[in-house]
Amino acid sequence: MKSLFLASVFLLTNSLFAQETKTENDTVKKKVTTLDEVTIKTQKKFIKVESDKTTVAIKDNAMLSTGTAYDAVKKLPGVIAAPTGGLTLNGKGVTIYIDGSPSTLSGSDLENYLSSLPANAIEKVELIYNPGAAFDANASGSVINLVTSSKRLKGINASFNINYNFNKYQKPSPQILLNGKTKKLSWQTMMGYNYIDREQRSKNGQTFTSFDPDKYIDQKKLTVTTNRNFYMRLGTNYKLSDKSNLLFNYNSTYSNDRDVFNAATTGSEISDYLNSGISKTKSSNHELSLQYKTKLDTIGRTLDVVAFTNVFDRNPNSKSNAFENNTSSYNNFKNDFGLLNYYLKYDFAIPFEKLKLSINTGGKFNTIKVNNTGNYNFNSPTTQVIDFDYKETNLAFYAEARQKIKKFNLTVGLRYEDFNVDRTGIVDNNRTDINFKNKNLFPNVSALYEVTDNVNISASYSRKISQPSYGVLDPNGGNFDQYNSSSGNLLLNPSFYDNYELKVTAMQFVQLGGNYTVAKDHNLFIFNANPGELVSTQTFQQFDRFKTMSVYANFPIPLDYFFKGKEEFKKRMNNIDKMNYIFLNINYIKNLTEGYNFSFKAKPVWNYAAQAQIMLPWDIKSSMTYFILPSGGVWEIYKITKPIQQFDISLNKDFMNKKLKLGIHLFDAFNQNEVNAIVSSTNLETKFYEKNDSRNFRISLTYNFGNLKLQNENTTIETEKVKSGGGMVK
């Protein structure tokens, strides 16, 4: 049976990529842009596994493309939405890139931005496991690059899309996409509006262990969130010559969000503490990039120059009232947050074809400025002011060499980083200034051995740094009632990572590997309590050493081979859109925090995920995804006490010669996606519960009109060699 399975996988993958191989051989003497075009077109169909990254198509995947970018990313192979919030890839931290540009947003700002970006704006996603010297050193473990650029078509073309969500609330999200090409100018414009309502229920049962005997409080909270945002994405490409392109992109998002909450707290010394209120947040984000690309000569030397700027502002305003023992109090705050980022980078590639050697070099200058001023009233008319300033300047240069020696592919790189970080926090006129300067070298080395034409073994090492983002430093967290507080930690140091990885890839679909990361001064989000205080504080704490070991496997099961027979399988295997398959992903992750005493044994976490495509009568395509993270494992310092799982199903059919697409989707069909965990921390043990109304029914409708014939011109910004920093999802 095992040999039959391997044989079927071999047949599937060889056949699926036979057309790609033939096309590439036929066009090897043509321009590089034609070869890139063929590769991207093939990748759109499913998933492509390579030694250094995995590429997943999004736009043409009905299951992934109907929600937000954040929803789509969470369903990718090896990506786990941590129970504590944020994303990881095969157990390692994630840095986010968008179209080759860094996302300077972090934490909840980045998550909200990805939640405002529609998934069908993403052409593909690249999962880069152990980025080398060509990537910014401020990328702790892995990189997820979202490629939103699309090919332009001759004439004027358009696509109209609307998603209508049904749960307790019914809200539409319309979108229109226009693109075209006139002579040397290609352009694309996307505009849309999201209107989403959702609920979140949470419970915290907290035991304060510094008292004798222990004291406890139980808290319940219901939050109804309304997200409204308008987005616009504009991209142009002007072909200066046969060898040079000038690309311009402008992206903007305007949001107007609202949270209405009701909370109740009981405990050892508390009776009927009720807290209710409303929080309103307006924000806007503007991104502007200009890229010049040129091929310098016939031997393949290329130069890329990119200038980028990002302006983001956020203005939350919260008002609440609390009642305890018939005594009224209040908790009001207002923040004024602003971020300005700009950078300039260049990349120079020098190939030596006779030596089978290539050298890449480049540099970058980057500046980020953040200011956040908060005004707070905590149970008194006196206003407390918290002022936070952050400035980061980064100068970097790198060189990386790649050489092929028979069946070996070797890569050696070195990156120089000069960081200068200033942070200032002012609380009631008490000023704290911290300056961090670091000039360091970050090496990387990797080797790949081609066992056969379809099987590779690779090993790699890289050293990285992670600067604490503004989101984890900012003392403006918001004390949301007198028993709970949340704030950043201004005193955090940067973290350093040593990343090791060993991996086997086969036939562009199968992957088996493991990675080991040792982090020094690692930052974790925890619950704490000061001795003798009945207040839970949520903040970040630094740990001397944090180790992560992860083992993962991805592989397909071609159902047609087993259920339709060999002959029918051969008929279908050249068109994956008509095939039945299951793609499986398995992750084993174990964390070890040195110098921290748990109240439970640190057991590993297992995560199982499956994506399936089943063809139904009348050309209806059924897509299904399922994941489960079983109970008993420990994620960082959180013990999972109940399985986290979700099952989604999507039915899709094309009409009018594929101009009209109709989809019916059900997410979290059994309403089982919830987090139950025990959090062990200083002077406090917390039983944590959180449930979002993740069960949601959606209808999606897309109509395409205009010239639908693809043209062989690639106007996308290259993303395979991204060299700039990115936002961290914590």
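Guide: Strands here are DSSP runs of E, at least two residues long, numbered from the N terminus, and two of them pair if DSSP finds at least two bridges between them. The model is predicted, so local features need pLDDT of at least 70 and side-chain atom pairs 80 or more, while totals for chains, interfaces and linings use all residues. Numbering runs from 1 along each chain as its sequence is written, and side-chain values use heavy atoms, leaving out hydrogens and water.

Visitor: Which residue is the bridge partner of I586 in strand 27?

Guide: Look at strand 26 (581–594) and strand 27 (605–616), which pair antiparallel over nine bridges. I586 falls within the range of strand 26. Its partner in strand 27 is Y608.

Visitor: What residue in strand 28 does L616 stand opposite?

Guide: Strand 27 also pairs antiparallel with strand 28 (620–629), again over nine bridges. The two make a hairpin with three residues between them, and W618 in that turn has a positive phi of about 65 degrees. Across from L616 stands I620.

Visitor: Which strand gives the most to the nonpolar patch?

Guide: The patch includes L616, Y164 and F697, with about 760 Å² of accessible area together (Shrake-Rupley, 1.4 Å probe, only the protein chains shown as cover). Members have over 30% relative accessible area and no salt bridge (Lys or Arg side-chain nitrogen within 4 Å of an Asp or Glu carboxyl oxygen), with nonpolar side chains joined within 5 Å. Strands 31, 32 and 35 each supply at least two residues. With three, the top contributor is strand 35.

Visitor: What is the relative accessible area of Y164?

Guide: Y164 sits in strand 9 (155–166). It counts as partly exposed, the class between buried (under 20%) and exposed (over 50%), because its relative accessible area is 32%.

Notes: Helices (H or I, at least four residues) and strands (E, at least two) are DSSP runs, numbered from the N terminus. Patches are made of residues with over 30% relative accessible area and no salt bridge: like charges are joined within 9 Å, nonpolar side chains (Val, Leu, Ile, Met, Phe, Trp, Tyr) within 5 Å. Buried means under 20% relative accessible area, exposed over 50%, partly exposed in between (1.4 Å probe, protein chains only).
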